[in-house]
Amino acid sequence: MTDTQEKIFQRDDKNYLPVFNRYKIVLDRGKGVYLYDLAGKKYIDFLAGIAVNVLGHNYKPLVDAISKQAAKVIHVSNLYYTEPQANAAAKLVKLSGLNRAFFANSGAEANEGAIKVARKFAKKFSADKVQIITAWDSFHGRTLATLTATGQPHYHEGFEPLPKGFDYVHFNDISELEKKISDKTCAVMLETIQGEGGVYPPKGDYLKKVRELCDKHHALLILDEIQAGIGRSGKFFAYEKFGIKPDIVTLAKGLAGGVPIGAFICTEEVAQAFKPGDHGTTFGGNPLACAAANVVLDTVPQEKFLAQVEEVGKYFKQKLFDLQKKFPEQIVDVRGEGLILGAELGKSKKSGVEIVNACMERGAIINCTVGKVLRFIPPLIITKSDVDEVVKILDDVLSE
Ligand SMILES: *Cc1c(COP(=O)(O)O)cnc(C)c1O
């Protein structure tokens, strides 16, 4: 017999570090696009653990691969080879068109590794080529280097002194980047589509111009696809949509369907900046995580799978535009690609949090980021009827 939800709230509130404003439900199990709380209430999940559960919950091939691997061996040191890791790395190299992959345990760690290798690479040219330019409203993680890379000052406050060498530009403003970038720039680091900061896709040929500026100044282009990658945009890597290739790309969230993992993938030239001992990890890319990643990497890149993401994404976006037409005061903008979509709130009768709570009461889990953008990052397996279910709930909530 398990405890009641009320008892679990109390125990957790008393013992867990107070860094999360948790919603008052205890999630217990999932199946497909649905989650169930401890009281047995069913929720359609349009958050997917923040863009993580790309294959939905309790997906049989993923559960089987994890169980099978756990029964063989969960973990061995990176001092040894394992077949799941060799396979996962080979798949990422092939999919990206880059040359070398490294596995970590989280997004922040993937970015931390990318920043380290970029700094080491730039040292070959000059000792003061250290500047890393990132974007305002970006999100790159919570370690000291990655929170500094994150262009949102409220994440910095209280954690000074911060690592040096970071500068910020406005995303989609190419002339500002042109002014800031120089031969002292080590790397430009951007989310291909900004997620946490409010779902902002790149406009026009912005990323192509960024690529050109990086080339001109021998700066590396690091694309953070921790949220927008793994098929979410309708392409396996979101950068494929914008006709460019980075020198380093980072992944995490959806990469192992829910098992903790992170990765960065880079060119051979960049990879050669690292010698044995320059970077490492105990857990990163262990056989359990890689067995899970291999299921995702065998499933998501399939043409049919990605075409479905694109099609359902278009359908969903149109439904959001329809909601905007119906509630023009409450929804002032709809944007995004594939299944990373945002609806920006205007003078809403309800705040973002109130809308999220009202949806939850009606059995839909959605998210609001930066206080004013409803963000939809569902499992990639959703269907049009799942979209209809959530849009109906939103319609009801906005009508109230
Ligand atoms: C979530 C996220 C991260 C951080 O990932 P963690 O696994 O939480 O460390 C970094 N970059 C982007 C774009 C993200 O969405």
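Tutor: Let's start with a term: a polar contact is a pair of N or O atoms within 3.5 Å (within protein, one must be able to donate a hydrogen and the other to accept it, and residues adjacent in sequence count only if both atoms are side-chain atoms). This is a predicted model, where local features need pLDDT of at least 70 and side-chain atom pairs count only at pLDDT 80 or more, while totals for chains, interfaces and linings use all residues. Residues are numbered from 1 along each chain as its sequence is written, and side-chain values use heavy atoms, with hydrogens and water left out.

Student: What makes the pair between the ligand and Ala108 a polar contact?

Tutor: A ligand oxygen is 2.8 Å from a polar backbone atom of Ala108, so the pair falls within the 3.5 Å limit. Gly107 also has a polar backbone atom 2.8 Å from a ligand oxygen. With Lys253, an N or O atom of the side chain is 2.6 Å from an oxygen of the ligand. As for cover, the ligand taken alone exposes 380 Å², and the protein buries 82% of that (areas by the Shrake-Rupley method, 1.4 Å probe).

Student: Which residues are around the ligand?

Tutor: Among them are Ser106, Asn111, Phe139, His140, Glu191 and Asp224; to be near, a residue needs a heavy atom within 4 Å. Helix α5 (residues 107–122) gives the largest share of this shell, three residues. Helices here are DSSP runs of H or I, at least four residues, and strands are runs of E, at least two, numbered from the N terminus.

Student: How many residues of each class does the shell around the ligand have?

Tutor: Three are nonpolar, six polar and three charged. Gly counts as polar, Asp, Glu and Lys as charged, and Ala, Phe and Ile as nonpolar.

Student: Why are β11 and β14 said to stand at the edges?

Tutor: Each has a single partner strand, so one side of each is left without a neighbour in the sheet. The open sheet of four strands has the order β11-β12-β15-β14, with antiparallel pairing, and its twist averages 25 degrees from one strand to the next.

Student: How do you know that β12 and β15 pair?

Tutor: Pairing takes at least two DSSP bridges. Four bridges join β12 (residues 340–345) to β15 (residues 373–376), so the two strands pair. Ala343, for one, has Leu374 in β15 as its bridge partner. Helix α11 (residues 303–326) packs on this sheet, touching β11, β12 and β15, and makes about 170 degrees with β11. Contact means heavy atoms within 4.5 Å, and angles run from 0 to 180 degrees between N-to-C directions of axes fitted to C-alpha atoms, for helices over the stretch in contact.

Student: What is the order of the open sheet with mixed pairing?

Tutor: Its four strands go β1-β2-β3-β13. Helix α13 (residues 384–399) lies across β2, β3 and β13, at about 110 degrees to β3.

Student: What stands out about Ile50?

Tutor: Ile50 has a positive phi of about 65 degrees although it is not a glycine. Most residues other than glycine have a negative phi, and most peptide bonds are trans. The bond from Glu160 to Pro161 is cis, with omega near 0 degrees.
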